[in-house]
Amino acid sequence: MTVLHLIASESRKQVLEKFFQILNNENTASIECPVIHHDGHQLIFEIVAIDLTESPIIQGYIVNARDITLRKEAEHKLQRYISAMESLHEIMVRFSQSLNLDRVLEMLVIGVNRIFPQMNLAVFHLVSLDDSPPHPLRVYDRQAVQNTKLVQAIGKSLLNLKSQLNSQVLINIPNIQAEPLLQDFNSFEGSLLIIPVVANQSTLGTLSISSPKLNAFDDKDEVLADMLIRQTSAILERIQLYQEEQNRRQLSEALRDLSFALNRSQTLEELFEHTLHYLSQVIPNDTCNIMLLDDERQYAVIKKIVGNIPQDILLEILDYQFKVSEFKNLHYVIQTGQPLIIADTRNSVYWKTILHQEWVRSYACAPILSNQEIIGFLNLDSIQPNAFVTVDPAQLMVFANQVGVAIEKIRLIESEKAQRELSDTLRAISDVLTRPMSLEELLKAFLEQVAHVIPYDAAAIWYIDEEKAADHFSYGVGYEKFGVQDIMPTLQHTAKNSHLMQRLMSTGKALVVPEIEGNDPEWQDPRFSWIKSWASAPIFIQGQYFGKLVLDSTQKGLYKPSYIPLLETLTRQLSIALENVNLLETLEQRVAKRTQELNRERQQLQTILSSMDEGVIYLETTPQTPNLTVRYVNESLRTLLGISSDQFIGHSLSIILSRIKSEKIVQHINSLLESVYQETKPTQLVWRDEFVMQLVNGQEVDFAATLTVVKTEVEHDFTWALMVLRDISQEKALNAQRERFVANASHELRNPLSNLFTRMYLLEKQPDRQEEHIAVMKRTVERLNALAEDLLDIARFNTHSHLQFQYIQFDLRELIHDIIEQQRSNAEIKGVTIIEHLPEQPVQVWADRKRIEQVITNLIFNAISYTKEKTTVEVQLEEQQEYILLFVQDEGIGIAPEFHEQIFLPFFRASEGKVSGTGLGLAIAKEIIERHEGKIWVESDLNQGSRFIVQLPKRLPQHFN
C-alpha cells in the first residue's frame, strides 16, 4: 500500500491530478488532504512529492506523507480565537455606543452567534426574586426556530444551580446528561455554558449558551465568555449608573411636583389622583391603585384606581373588600413592613387572583404608613411578567411615605373641619332652643344639622309609647328614596322584637353596626335590605327614656365606634330642645286646638262647597284689584261650565256674563254690582232668576242663579259677591215628562172608566146582554190593574224599594217561544208576521223568569204596536260564552237618535198619541235588566224601524245571596 492509498478513494483522483499539475511546472509538490485512520477517525496529512525524472541515476518520484492533524487543529483554534476576539471587539464598540439596557442585551445575545459558532441556542434570563423560574428576556436560535422546551428547561435548571450562580462564577457543563442537577434536560444532549451577568456586584441575570455537541466549550471559550461578560458588565454598570441618574432626576422632579400637588390637595380624592399620576410617570404600569385599611385592619378597600381597565370592572373592584388574612401579598407587607415585588403572579405563592384580575402578570406593593402604623397600600399591576423586577423598592417607599404624610395632614384638616362643623351644628341646635318651633320643625332642623357632621341616606326620630312599651316612628327624612316612607309609621320596636332597642334602653349608650349581617334576625325584612350600616343613640328627658335617633346608610362600614361620642353629644342637645318644646306645649296646645277648630271649619266649608251639585263662584275686591275679582270656584261649577280654574281665578264675572243668552239679565246683574259698589254704607243685595247659558261645547243649558253682593267695609272699600248656579235643565225636562205622564195617565184612566160607566148603564138597560157587558168590563178592569201595577213598579224602582227577585235556572229559548205564541193573535189582527230565530238547543240562564217574561213581552208587544201593517217582527236569540243576546226588530216608524237614551226614562214617549200606553214599559224593562247585571239599548232611526237588544249574563248576579 502506498501513501496515496491513505487518501479517501472519492478524492484520490483529484489529489493526483493536482500533484501532476504542480509537478509539470515545478520539481516539488506539497498538498494537504484528509485521510481516514484505521479506527475510522479523519486525519489531515501533508503529502510532499519530488520529481526525479531529470536525475541521471534515478527515474520516478519520491513521496513523503506527514500527519499534521494536531497542527491544523491548533491553527484552526487560533484562527477562531482571533476571529472571536475581533467579533468581541466589534460588539464592545457597539455596546459603548448605546445607553439602552434592552438594546445592549439584544446585541449581547445576537453577538454570541459570532463568538461561539458551535452554539445552537443563546438565552438571557433575568434573575428571579422568588422561587419561580427566571424569565427569558432574550433568545437567539441559530436555526431561527425558538426551541421553547429547551428555553424552559434552562430556566428551571437555573433554580438548581442558584447556589453556584450566586458565587458569580462561570459554569461549563460538557455533558448535560451527566450533570445530576440538570434533571429537566432528560430529553436533551450536548453541552451548556452558563455565564452570570454581573453589574455593580449583583447578578442581573444569566447568559446560557447551548450546543448539541459534547465538550463543545473549552478553556479558550471560557476565556472568551469571561471577557465578553466582563466587558458587558462594565457597559451595564455604566448604563445602570446612567439610568439611575435618569431615574433619580425623574424621581426628584416627580416628587417635587407631587409634593407641590399634595400641598394643594384639600381632599383624599385629590391626593390619591395626584399620587397615582406622578407615580405612573416614574414607574410604568397598566394600573395602579391606593388601598386603605379599615380601623380594625381586617379589610382593605381600593379608594382610587387609574389605568386601562373597563368602567364596569373598575366599579366592581372599587366596591370589593379585600380581607387581609386571605391575601398573602397584603399580609406579607403588613407583617414585614417592606415592599413586595412579584415578578410573575402565575408562579408566586403570594398572589391570589380575584374578580377580573386574571390579566395581572406582575405586581408591586409598598406599605403606606401614618404615625409609624400601616394604614394602606400603594399597588402597581402590569400585564407583562417581570415588569417591576428592575424597580427600586425604595422608590415605591418614597411615594408611599409621601402619601402617608399627606393622608395624615388631610385627616388632621378634616378632623379640624369636623370639629368646627360639630361646633357649628351644636351652636345651631342651641339656637333652636331660643326660638319657638313646632315639634316637626324642630326635628327637621335637627336632622338637617346632623347631616353636616354624620353622613346618612335616611334618618329618623322614634318616640316611645309608654303604654305599649314600644318605639314608634315620629319623623324621618330620606326614606322616600327607598319606597318605605308609607310603611314607616306602621312599624314599632320593642325590647322583645329588637335586641338593639333592648341594648339602647339598658345601657343608655349609643350603638353602631358597621356592617349588617344577612343572618341577623333584626334585618330580615327585605324592604330594608338597602341598609348596610346602622347607628343609633337613645334620647333621655329628665332621666327617662324618651326615644332614639336612628341613622341608616347604604355604605358598608360607614358607622364605626368613633361616631359614638358624637352621636351621644347630638342626642343630648336634642333632649334639651325637646324639653324646651315641652315647656311651650301648653301654649302650643291651645294654639293647635284653635287652629284645629279653624281648620275643621274651613274643611267643613270646603267639603260642603265641594259636595254641592250647585256651582259656586266667589269674588271680592282688594287694594290691588278694586274691581270684583274671582277668588274661588268649586268643582261643580268647573264641571258644569267646562272651564278650568285658571280661566276663572283672577278674572272678573264677565267670564260668566258673556255666556248668558239674555242681554236683559246681563244688564240687570251689572247694574246690581255697580249700585252696591257705589254705596257709602254697608249694603247687602240678593238677586234670583233663571236664564239660559251657552257652555264651552256650544250646548245651551237652563240655570237658576242666586247672586249675593255685600259691602262690609266702606272705609277700606271691601266688597264681595257670591253667585250660586244650579243646572235646572233636567228638572224642567222631568217636569215636562211628568206633565205628559199626567196627561197620558189621565187619558188612559178616563177611557176605561168611561167604558165601565157605559157598560154599567147598558147592563141595567140590556140585562139580556149581561155576559157581553161583563166580559168587556172584566177586560177594562184588567187593563186598569196592569196600569196600576206599572205605576207601582216604577215607583218602587225610583224609590229604591226592596223588590223580591226569584232567581232560577230555566230555558230562555222556551220562554221566548211561548211569549211569541201568545202575541201571534195580536200580530195577526194587524197583519204582522212574527219570525223567530231561536237556537235548536236549550239556552239555560239564571234569572227571575216572571220579570224577564215581562221585559220580553213588552218588547214584542211594542214591536207589533209600532210596526207597519203587513210587515214582519223578527225575534232572534244568540248564545255566547258568558252572555245571551236577544234581538227584537220591527219595521215601524223608528226612533230619532237624540231619543235613544230618553226612551228608557220614566214618563217619556218618543211618539205621543200614536200608540196607547203610559210610556213606562221600557223604563221598567231597563230597571229589570240592570238588576240582572245586563244591558238594554236600541239601534234605530226615523222611518227605518227599530232594533232593541238585550244582553243578559248566564250566571247569577253577584249581588244575589
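Here is a short conversation about a sheet and a pair of helices in this predicted model.

Student: Before we start, what pLDDT do local features need?

Tutor: Happy to say! Residues are numbered from 1 along each chain as its sequence is written, and side-chain values use heavy atoms, with hydrogens and water left out. In this predicted model, side-chain atom pairs count only at pLDDT 80 or more, totals for chains, interfaces and linings use all residues, and local features need pLDDT of at least 70.

Student: Which strands stand at the edges of the open sheet?

Tutor: Strands here are DSSP runs of E, at least two residues, numbered from the N terminus, and two of them pair if DSSP finds at least two bridges between them. Six strands form the open sheet, with antiparallel pairing, in the order E11-E10-E9-E14-E13-E12. Two strands have a single partner each, so one side of each is left without a neighbour in the sheet: E11 (321–323) and E12 (340–342).

Student: Good. Over how many bridges do E13 and E14 pair?

Tutor: Strand E13 covers residues 362–370 and strand E14 residues 373–382. Tyr 363 stands opposite Asp 381 in E14. The two strands pair in the antiparallel sense, and the count of bridges is nine.

Student: Are H21 and H22 roughly parallel or roughly antiparallel?

Tutor: Helices are DSSP runs of H or I, at least four residues, and axes are lines fitted to C-alpha atoms over the stretch in contact (heavy atoms within 4.5 Å), with angles from 0 to 180 degrees between N-to-C directions. The axes of H21 (residues 812–830) and H22 (residues 849–866) come within 10 Å and cross at roughly 30°. Angles under 35 degrees count as roughly parallel, over 145 as roughly antiparallel, 65 to 115 as roughly perpendicular and the rest as oblique. That makes H21 and H22 roughly parallel.
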